[in-house]
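Colleague: Before we discuss this model, I would like to hear the reasoning behind the labels attached to it. Could you take me through them one at a time?

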Amino acid sequence: MVRRPDPAAATGLPPSTQGVVVPAPRLDERRYPGGRVLLRRETFPVDVLRGSFCLADALAAPLSDVALLCAGGDLGDLGDVLFLDTETTGLAGGAGTFVFLVGLASFTGGAFEIRQWLLPDPCEEEGLLDALEEEARAARGIVSFHGRGFDVPRIEERFLLAGRTSPFGALPHLDLLVGARRVFRMRAGRVNLQHLERLVLGTTRLDDLPGAECPQAWYDYLKGDDGPMRRVLEHNLLDLLSLPTLLAALAQPAAGVGPSPDVHAAGKVLARAGLRDRALDLQRGAASRAVDAHVAARAHDEASRLLRRQRRASESAAEALAATMADPSLPAPWLALAKDHEHRTKNFALALECCARLERILFLRSRSEARRRDLHKRVARVERKLAAENAAASSAAE
Amino acid sequence: MLDRFFRDLRTAPDLAPNIVRWHKEAAQSAVFADFPEWTPDCIREAFARSGVTQLWSHQREAADLAHAGRHVAVVTPTASGKTLCYNLPVLTALMGEAGVKVEGGVKVEGGVKVEGGVKVEGGGAADRPSGRGAARALYLFPTKALSRDQLASFAKLTKGLPRPVRAGVYDGDTPPATRRTLRAAADVVVTNPYMLHAGILPHHLRWASLFRDLRYVVVDEMHTLTGVFGSNVANVLRRLRRICRHHGSDPTFLFCSATLANPGELAGALIGNGAQVGDGSRRGSGAQVGSGRTPDDRVEVITRCGAPTPERHLLLFNPPVVDEASGARCSALEEARRVASHALRAGLQTLVFARSRNSVEVLTKYLKDTAHELGLDTDVVRGYRGGYLPKLRREVECGLRDGSVRAVVATNALELGIDVGGLDVVIMTGYPGRVASARQQAGRSGRRDRPGTAVLVARSDPLDQYVLQHPETLLEGHAERAAIDPANRLIFANHVRCAAFELPFREGELLWEQERTTEVLEGLAAPGGPLNRSGGRYHWCDASFPADTVSLNGFDIDNVAIYDLEARVVLAEVDRQSAPFFVHEGAIYGHQGDTYYVERFDYDGRRAYVRKVDCDYYTDAEAEVDVRTTARDDGEDFGEFSSSCGTVLVSTTVPLFNKIRYYTGENVGAGEIRLPAEVMGTGACWIDIGPELATEMRILEGGRSQALRGVASLLRAVAPAFVRTDRGDLRVHAEVRAAATELPRILAYDRVPNGVGLAEAVFVCLRPILAAMREIVATCACDKGCPSCVGPVGNVGPYGKEVARRLLAALVTASRATPERSLQDLAPPISAAPRPGLAADGGNRNGGDDEGARQPDRLGAYLLPPPGPG
């Protein structure tokens, strides 16, 4: 389906994308002391679906978990929290890069309200800043995708250029990209919003304007051609609709729901944050439900590590063994087993066996000299112990 | 020790007969001054710890002026403590705010990172405490190596100050985390013009706190900022000042430079205080000259040096003639080795300057052998050149200072401001090409209490021989003038684009009083252009990033890493332009006298893989330049000849290398190099000589064809008098039979990719340029050619001057016979009566890799007599 940027046609049929009915944009002019800005306001019921998630799922998601995954501040709940996504004239930043569209959204009055602030002319920029200041004053926090590294700094630069202080920098910020990188990387490879929409939410955009064409759309708009700009508005709108659903999707693995690679990855984050019991449950769950043997091995290995830290040595060894059985090419479980056999079970022959397996893997895979050196030391030591044991055994036999 | 060396020089049969001139300069005693009363005690103590308890007069003078907020240019010889001139006021400014500044006052939830004890926020420095009272400084050095050197010595100096001084190098090698720290919290940012242009200014909002508090901008090695590079840097500094004003600061500029004829002019032009520089004519071009923007924008020049100079002997050494018939002389390298071994034997610390990286390695190897024969450790002899990793260079510098290194062989990398103290003997293997360089190198000899000796060992090269025959050029010669043209049409327009990106221009706002700003802005705001004019401002509305498309000097500052396959470490670096000469596959790469075989050269990946071998030969590669015209934009027919301007493709290849045996110098083989040609499109102008004239002059005949080269190099030498630039920015090419016409053609083209209109300006001024060339050849007193006219006989052949004289006379006659076209708006400033002090090209043999901040004149060497009266 290809829509032409024809204003007449656009007013006729509301374009629809995967269940989200997007009305044709209506821009209202708002005047601020600094200049005028155009505002498009759309309200969506919270049961709108974005793939297999609906907007309301975000309201139910445990935000403390998401904050942990995203290394951001805990917002408590999503009341007065702004979802943020901007469109700019360049990715590299720099003083000549305009932020020409700022999309903001929030859950208000049982609905999801989207407000898109469009800069109608470069010289009206102060007006946009006024509008943003007003928005930020009423907000408690920000949710974004890559906002911490991109959107917020760009907005701050604009404030700075105008000799003002940005109100966004001081707000607690939940950057979903940070969490998505940690949780979905194993499965997704590259982590960008549209890829995650397909993979995690289960929805695909049709006829979406490529991000690289957004700057040109604005330049065209400044020259009086607003066709491409409609597509930018829609692109930005979809980005904003993806934010709460992605947030909900991000919270699931931490609750043990979802594909096991995600659960495994979320478990690792929780473990690092000190939530070891929950992490252990997640890893055991991931290991038992994993489809991919490699994922199962990693989950077992992680579980083994957690148990070891809790001094539950035999359980830890059992997990390590399970890991080697699931995927014998993972080096860490072999090392864990070697240590276990050397120090706990004192089965030196088995320890040497494990070392031999590990050596083969390192020979093929690892460039680390230090790891090899350590292994050789271990082998020598275990051999000494084995020899001593044999000597003791033979002298005992005599 | 010195006596023994002098005795050797006077009596030794292998030395004495070859010394053609022994010149003695008397010692000068130091003029001391006290530390200024405004110096805080802690800084006095810091300098005392580094051994400075008293200043020299010029240091005091400079520091006082800088402290008072005046722009200063310090122009004094090597090792006269120029660094102190700026470190003293800068440190004082930094210390002055000891109590005020809040360490890491940034408080951002969520996005805070802590690095090195400083809290930094990724997005900008918006929330730093307002910089009231805080002072910061920006140091600009022309090379990365120099930046790191200076940072190291700065760190040493500031250790133990009551408040830690945060200084860092910001360049392409700086890791992202450090960049963030520097942006938010560095007191002193050390960088280079390239980085300032493309990395800092376009992102000035991220550097807001630096620009808000910027008190001093230090520009070191100012003499390297000439020609196209200088013109670009001048515009970058104007942009810097514009940004500073936006953020509310107005920094004081402190320049340091080696000897120059016109330091005040150059510094003034660099910061745009209205002075114009180097239009060759010294004609007061109206209101612009000397009319500083404000009285305070004047640059104070300090040339009187208070540092002591020791008694210094300058010896000119001409190697013996080995072949009477051809006049060929002994290899300068071999002779330099002989002189150096006498110095080594006398126990004198010796510095040998060699002209190329290859000769550094060869000579290092020779001298190590000599040291071995003398029963010394071979480690007392070291090489020193660009491309060595900083750690190794530091080691050599330390060795020189503490005396454990007795001899160093170096390129002119040691000529720039690197502190190694004084040495007993300096040996120059070949004339370094410029009076200023020669003096700079000779200035490395001598210590406070001991006389120094500098020996210039001449090569067979015509220019070297000329200098030896006319020693006054060196002994009394004046330093070169630096010429820049910040108002160059293309360069200026480029920087207006960059400036428009950085900050929208208001209507009527000029970039440093250049009337043409509005014209350029209007052009950029035209439909399809990158600017959008609305609300009384020009806004940048384009997806491009202009600084990326504007190159300051056409050189790529990236390096090729040389990787040692056995030790598994990066051994050294080489700049990308030179890489095909040194690390092509099959090359022998010399390093500290050791030889490495280049197994693989990954051209795209910028890595060369080498393995240490024991080898009795080294390799030498030669460049081949091919210039092809691609479009003719304009032309003029003079009957006997025609001139054109247009665009050319210049392709440089390195097709072959030779294997040369150590000591004997015999050629023991050759190899092919398969590397892609470096192709560059640029602007050019060319003269096609008609068939009649060519026949009449018999240029097409053998033995006379070289004359054309002489004319071309004369063109290159004369042009800067009419087109404001450094002669290194214009290249010439002569073809006896051009591919298109089968007739002689002389080409001049811009060295910078895409050109900046220099060749076009030559086309426009061709008539006066030809007339000047003819006058020079006609009035030159030499017999058959000298570096002051078409070039030495060795380069242009026995008939060179004669043919050039007649050819130029014919060209001038023809050009006078043709009525002048009106070329209104193209015309660059043409000087009325140039009295260029000129010399022809010494001739380029193999792209000789004279190193330096930026090789302003790779292709040749030249002398400039004192500027004539206006």
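Modeller: Gladly, and please keep in mind that this is a predicted model. Chain A averages a pLDDT of 88, and 94% of its residues score at least 70.

Colleague: Which residues of chain A have a pLDDT that stays under 50?

Modeller: Those are residues 1–18 of chain A, for which the model nevertheless has 25 contacts beyond four places in sequence. Where pLDDT is low, the predicted coordinates should not be read in detail.

Colleague: What makes residues of chain A and chain B count as being in contact?

Modeller: The criterion is that their C-beta atoms, placed from the backbone, lie within 7 Å; on that basis, 31 residues of chain A are in contact with 26 residues of chain B. On the chain A side, helix 5 (147–161) and helix 8 (214–222) each supply at least two residues, and the largest share, nine residues, comes from helix 5.

Colleague: How many residues of each class does the side of chain A that touches chain B have?

Modeller: That side has 14 nonpolar, 13 polar and four charged residues.

Colleague: Into which domains is chain B divided, and how many residues does the contact take from domain 1 and from domain 2?

Modeller: The assignment gives domain 1 (2–20 + 308–475), domain 2 (40–103 + 113–302) and domain 3 (633–655 + 681–817). The contact takes twelve residues from domain 1 of chain B and 14 residues from domain 2 of chain B. On the side of domain 1 that touches domain 2, helix 14 (residues 435–442) of chain B gives the most, with three residues, and by class that side has four nonpolar, five polar and three charged residues.

Note on methods
Residues are numbered from 1 along each chain as its sequence is written. Chains are lettered from A and ligands numbered from 1 in the order in which they are written. This is a predicted model: local features need pLDDT of at least 70, side-chain atom pairs count only at pLDDT 80 or more; totals for chains, interfaces and linings use all residues. pLDDT is the predictor's confidence in each residue, from 0 to 100. Two residues are in contact if their C-beta atoms, placed from the backbone, lie within 7 Å. Helices (H or I, at least four residues) and strands (E, at least two) are DSSP runs, numbered from the N terminus. Ala, Val, Leu, Ile, Met, Phe, Trp, Tyr, Cys and Pro count as nonpolar, Asp, Glu, Lys and Arg as charged, and the others, Gly among them, as polar. Domain bounds come from an automatic or database domain assignment.
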